[in-house]
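Here is a short tour for anyone meeting this structure for the first time. Have a look at the sequence and the fold, then read on.

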Amino acid sequence: MSAAKKILLADDDKEDRAIFEEMLEDLGSAGLTHYAIDGEDALAFLRTCATFPSLIILDLNMPRLNGKETLHAIRKDARFASIPVYIYSTSLNPIERDE
């Protein structure tokens, strides 16, 4: 594997994933991302991948496991403790934003 940093993006919205991929292409970093469709899929990937990602990005609102639930599960596993995790949302709800 190259020294390039890998990213795990969990988002159930196909258009949001496409926007993210386009941004990475513009930065010359296309192909460095594994996409998960929800929190369950993201955790399954983490538990089976040979090399952990350098960054995890979670959508707040996803089916099965949302971003907060997925973050809690990630933080419970010592193997993933050092991986930075960011949660984002398009929600305008101030309570969700503050959490």
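## Helix α3 and its two sides

Start with the outward side of helix α3: the face turned away from its buried side carries H72 and K76, which are exposed. Keep in mind as you go that this is a predicted model.

Now turn the helix around. The buried residues of α3 are G67, T70 and I74. Looking down the axis of α3, you'd find these buried residues within an arc of 65 degrees, so they line one face of the helix. That fits a simple rule: an α-helix has 3.6 residues a turn, so residues three or four places apart point the same way. As for what lies over the buried residues of α3, the cover includes α2, β3 and β4. At the start of α3, there's also a polar contact to spot: a side-chain oxygen of N66 comes to within 3.0 Å of the backbone nitrogen of K68.

## Helix α2, the other half of the story

Helix α2 spans residues 39-48, and its buried residues are G39, A42, L43 and L46. Down the axis of α2, they fall within an arc of 95 degrees, so they too line one face of their helix. The elements covering them include β1, β2, β3 and α3.

The N-terminal end of α2 has a cap, D38, with a side-chain oxygen 3.1 Å from the backbone nitrogen of E40. How exposed is E40 itself? It's partly exposed, because its relative accessible area is 35%, and partly exposed covers values between the 20% and 50% cut-offs. Setting aside neighbours within four places in sequence, E40 is in contact with R64 and L65. Another pair to look at is E40 and H72: they sit 32 residues apart in sequence, and their C-alpha atoms are 12 Å apart in space.

## A loop residue with a positive phi

One of those E40 contacts, R64, is worth a stop of its own. R64 is in the loop between β3 and α3. Its phi is near 65 degrees, which is a positive value in a residue other than glycine. R64 counts as exposed because its relative accessible area is 60%, over the 50% cut-off.

## Strands side by side

Now for the strands. Strand β1 (residues 7-10) pairs with β3 in the parallel sense, over four bridges. Along that pairing, I7 has L55 as its bridge partner in β3, and L9 has I57. β1 also pairs with strand β2 (residues 33-36), again parallel and over four bridges; here L9 stands opposite Y35.

β1 is covered on both faces: I7 and L9 are buried on one side, and L8 and A10 are buried on the other. Strand β3 (residues 55-59) is mostly covered too, with four of its five residues buried.

β3 has another parallel partner in strand β4 (residues 85-88), and four bridges join the two. One place to see this is I56, which stands opposite V85 in β4. To get from β3 to β4, the chain goes through helix α3 (residues 67-76), making a right-handed β-α-β crossover.

## What fills the inside

Which residues of the largest nonpolar core touch the most other members? This core has 14 residues, and the ones with that distinction are L8, A10, L46, I56, L58 and I74. β1, α2 and β3 each supply at least two residues of the core, while the largest share, three residues, comes from α2. There's a second, separate core as well, made of five residues that include I7, L9, F20 and L24. As a general background, nonpolar side chains in soluble globular proteins tend to be buried together.

To finish, pick out L58 and look around. Leaving aside neighbours within four places in sequence, L58 is in contact with A10, with G67, T70, L71 and I74, and with V85, Y86, I87 and Y88. Two of these names have come up already: A10 and I74 are listed alongside L58 among the core residues that touch the most other members.

Methods. Residues are numbered from 1 along each chain as its sequence is written. This is a predicted model: local features need pLDDT of at least 70, side-chain atom pairs count only at pLDDT 80 or more; totals for chains, interfaces and linings use all residues. Side-chain values use heavy atoms; hydrogens and water are left out. Buried means under 20% relative accessible area, exposed over 50%, partly exposed in between (1.4 Å probe, protein chains only). Two strands pair if DSSP finds at least two bridges between them. A crossover is right-handed if, with the strands pointing away from the viewer, the path from the first strand over the helix to the second runs clockwise. Contact means heavy atoms within 4.5 Å. A nonpolar core is a set of buried Ala, Val, Leu, Ile, Met, Phe, Trp, Tyr and Cys residues joined through side-chain atoms within 4.5 Å. The arc is that of the directions from the helix axis to the C-beta atoms. A polar contact is a pair of N or O atoms within 3.5 Å; within protein, one must be able to donate a hydrogen and the other to accept it, and residues adjacent in sequence count only if both atoms are side-chain atoms.
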